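Q: I would like a close look at one part of this model: its enclosed space. Please keep it brisk, then put that part in its wider setting.

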Amino acid sequence: MSKNLTKRAEDYSKWYNELVVKADLAENSAVRGCMVIKPYGYAIWEKMQAELDKMFKATGHQNAYFPLFVPKSLFEAEEKNAEGFAKECAVVTHYRLQNDPDNEGKLRVDPDAKLEEELVVRPTSEAIIWNTYKGWIQSYRDLPILINQWANVVRWEMRTRLFLRTAEFLWQEGHTAHATEAEAIAETEQMNTVYADFAENFMAIPVIKGVKTESERFAGAIDTHCIEALMQDGKALQAGTSHFLGQNFAKAFDVKFTNKEGKQDHVWATSWGVSTRLMGALIMTHSDDQGLVLPPNLAPNQVVIVPIYRSDEQFEAIKEVVSKVKSDLEAKNITVKFDDRDTFRPGAKFAQHELQGVPLRIAIGPKDLENGTVELARRDTLTKEVVSIEGIEDRISDLLKTIQEDLFNKAQTFRDNHITEVEDFETFKTILETKTGFVSAHWDGTAETENKIKELTKATIRCIPYDSKIEEGNCIYTGNTSKQRVLFAKAY
RNA sequence: CGGGGUGUAGCGUAGCCCGGUUAUCGCGCCACGUUUGGGACGUGGAGGCCGCAGGUUCGAAUCCUGCCACCCCGACCA
């Protein structure tokens, strides 16, 4: 175990990198840009998965699995999608190795084992899935198709960071097919709302729902909806996207159906996804200089119990009390870990559980045995109090709910304080440099202006918020007329 | 992929410019003992092909070349 995490104020990105490793969430692997997700980090991801999976199923979706490899000819079928991802694709060209005759004990690629057609390792699965859907859809009666898959994808990123951008990452991707445009649009919006609910109510991360501008849109989409979160360092993070794909993929893969009127039509499509990047969002929304802070909903252990004792007799007595507390808590569906390791002293355990973000810590020692109390410590506020052991399970149950809410409120206050409306470009630049966060400003709607602003300030349009009110204004950069404000920020 | 930087024990490091006995120190690790209400202490011990591969040299952690990985800045991106 390690001491002394770099302080956020000192070097935010160093703090992040250290935290991920020291809290035992993930580490770099022998493969460039690819991470090993360690058990503790994976347990958090599994919590996210379980909740999302429940939400997907509650909205009528089913899970399925499609191949990792996409034949190049399928991959290139939807031109914009192919073009958008082409530069970051891993490609399989051979299917066999052999002993290298010139290099004892080494292997080489068998030159005779060249694939007739290269296989692209999926950077996203629209191509292989729409090629499959083609065989499933003939009639409006076959629609809608509402499928999700949990998978890994590969995007050959040049610059990677644990969880935030890795060459291989885990995600879920929903791919749906609909008979009408309206239904597909409704699905796109529904799933973006599901993501927002998940982020806010489960992860305690406030997000802004909105629509991407053309230049930030998913390759091959008509519209990209998104949820945008704000990290503690004032940079925005795209936490999830939901795409309305129109008939682009149906046309590219010739997926037609006969409608009720007996006429042929192309199918309407959506796709939507969130990834292990959410782990990064989680860390950069709630954690502090002591380490990870987990909202109770995401904590593998919501409560940890640390015994404090001198003698074996004391330890036995504590164990007895703990076993009752533990079962009372578990009866309320609270996950509890009794840290009875005799190889670490209490102080070391406190520090470790703080680093790993356990929401509540109970310490119980001889004094408590005498008084019928425990010491109860909150990770989020780093406060502690001595409380009666009587009714502790109700107290903790309530406290976990409070912590979940407090974390959300704290993050929301921070986020709301970092949305600044500006009217002129000088202020715009100043805010981005000093206050940081989201800047709400008028924009003339052109990609040229958007690009120019990005060039000058490194800020991009994160989204056009759903709730952006319609008001007359002038573009921050060109002064041309504008009908509503958009949100700019520097982003991850 | 372009510019810059860094790789020495599990982690953090000294030594490198100016090549020369046994590669420095701290943390961690192992054993024993004492300890245990916020990261314990003592004594003893183990652990290194100095990122990898070549080269120069009597001799390379140190000089040269290539490669790999990571970090920072850019472009790209969930």
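How many cavities of 30 Å³ or more does the structure hold? And which residues line the largest cavity?

A: The model is predicted, not experimental. It holds one cavity of 30 Å³ or more. The largest cavity contains about 40 Å³ of space. Rolling a probe the size of a water molecule over the atoms shows where empty space is left.

Start with the wall. The lining consists of Arg32, Gly33, Trp156, Glu157, Thr160 and Ala167. By character, these residues split into two nonpolar, two polar and two charged. Trp156 and Ala167 are the nonpolar members, because both residue types are classed that way. Gly33 and Thr160 are the polar ones, since Gly is counted among the polar residues. Arg32 and Glu157 supply the charge.

One lining residue also gives a distance across the chain. Glu157 is 250 residues from Leu407 in sequence, and their C-alpha atoms are separated by 32 Å. Leu407 belongs to helix α12, which covers residues 392-417. Its relative accessible area is 5%, so Leu407 is buried under the 20% cut-off.

Now the frame around the cavity. Chain A has 492 residues, of which 52% count as buried. Its secondary structure comes to 14 helices and 26 strands. Along its principal axes, the C-alpha trace spans about 80 × 70 × 55 Å.

Two more residue pairs give a sense of distance along the chain and through space. Arg122 sits in the loop between β8 (114-121) and α5 (126-133). Arg122 has a relative accessible area of 0%, so it is buried. In sequence, Arg122 and Val70 are 52 residues apart; in space, their C-alpha atoms are 6.1 Å apart. Asp11 and Ala221 give another such pair: 210 residues apart in sequence, and 37 Å apart from C-alpha to C-alpha. Asp11 is in the segment before α1 (12-22). At 32% relative accessibility, Asp11 is partly exposed.

Next, the charged contacts. Side chains of opposite charge can pair when their charged atoms come close. The model has 34 salt bridges, counted with the nitrogen and oxygen within 4 Å.

Take Asp24 and Lys38. Their closest N and O atoms are 2.7 Å apart, and the two form a salt bridge. Asp24 lies in the loop between α1 and β1 (26-28), while Lys38 lies in the loop between β2 (35-37) and α2 (39-58), so this pair ties together parts that are 14 residues apart in sequence. Asp24 is partly exposed, at 32% relative accessibility. Lys38 is partly exposed too, with a relative accessible area of 23%.

Glu316 and Lys319 form a salt bridge within a helix. The closest N and O atoms of this pair are 3.6 Å apart. Both residues lie in helix α9 (residues 312-330), three residues apart, which is about one turn of the helix. Glu316 counts as partly exposed, at 45% relative accessibility. Lys319 is partly exposed at 33%.

Arg361 and Glu354 give one more salt bridge, with 3.3 Å between the closest N and O atoms. Here the partners fall on opposite sides of the 20% cut-off. Arg361 is buried at 8% relative accessibility, whereas Glu354 is partly exposed at 22%. Elsewhere, salt bridges that share partners join Glu421, Glu423, Lys469, Glu471 and Arg485 into one network.

Last, the outside. Leu97, Leu107 and Val109 form a nonpolar patch on the surface. Together they have about 290 Å² of accessible area. Leu97 lies in strand β6, residues 97-99. It has a relative accessible area of 53%, so Leu97 is exposed, the cut-off being over 50%.

Back to the part you asked about. The structure holds one cavity of 30 Å³ or more, with about 40 Å³ of space in the largest cavity. Its wall is a mix of two nonpolar, two polar and two charged residues.

Terms used: Residues are numbered from 1 along each chain as its sequence is written. Chains are lettered from A and ligands numbered from 1 in the order in which they are written. Side-chain values use heavy atoms; hydrogens and water are left out. On a 1 Å grid over the protein atoms alone, a cavity is a set of points where a 1.4 Å probe fits but cannot get out, and a pocket is an open set with protein on both sides within 12 Å along at least five of seven lines; lining residues have an atom within 4 Å of a point. Grid points are joined across faces, edges and corners, and a volume is the space filled by probe spheres set on the points. Patches are made of residues with over 30% relative accessible area and no salt bridge: like charges are joined within 9 Å, nonpolar side chains (Val, Leu, Ile, Met, Phe, Trp, Tyr) within 5 Å. Accessible areas come from the Shrake-Rupley method with a 1.4 Å probe; for residues, only the protein chains shown count as cover. A salt bridge is a side-chain nitrogen of Lys or Arg within 4 Å of a carboxyl oxygen of Asp or Glu. Helices (H or I, at least four residues) and strands (E, at least two) are DSSP runs, numbered from the N terminus. Buried means under 20% relative accessible area, exposed over 50%, partly exposed in between (1.4 Å probe, protein chains only).
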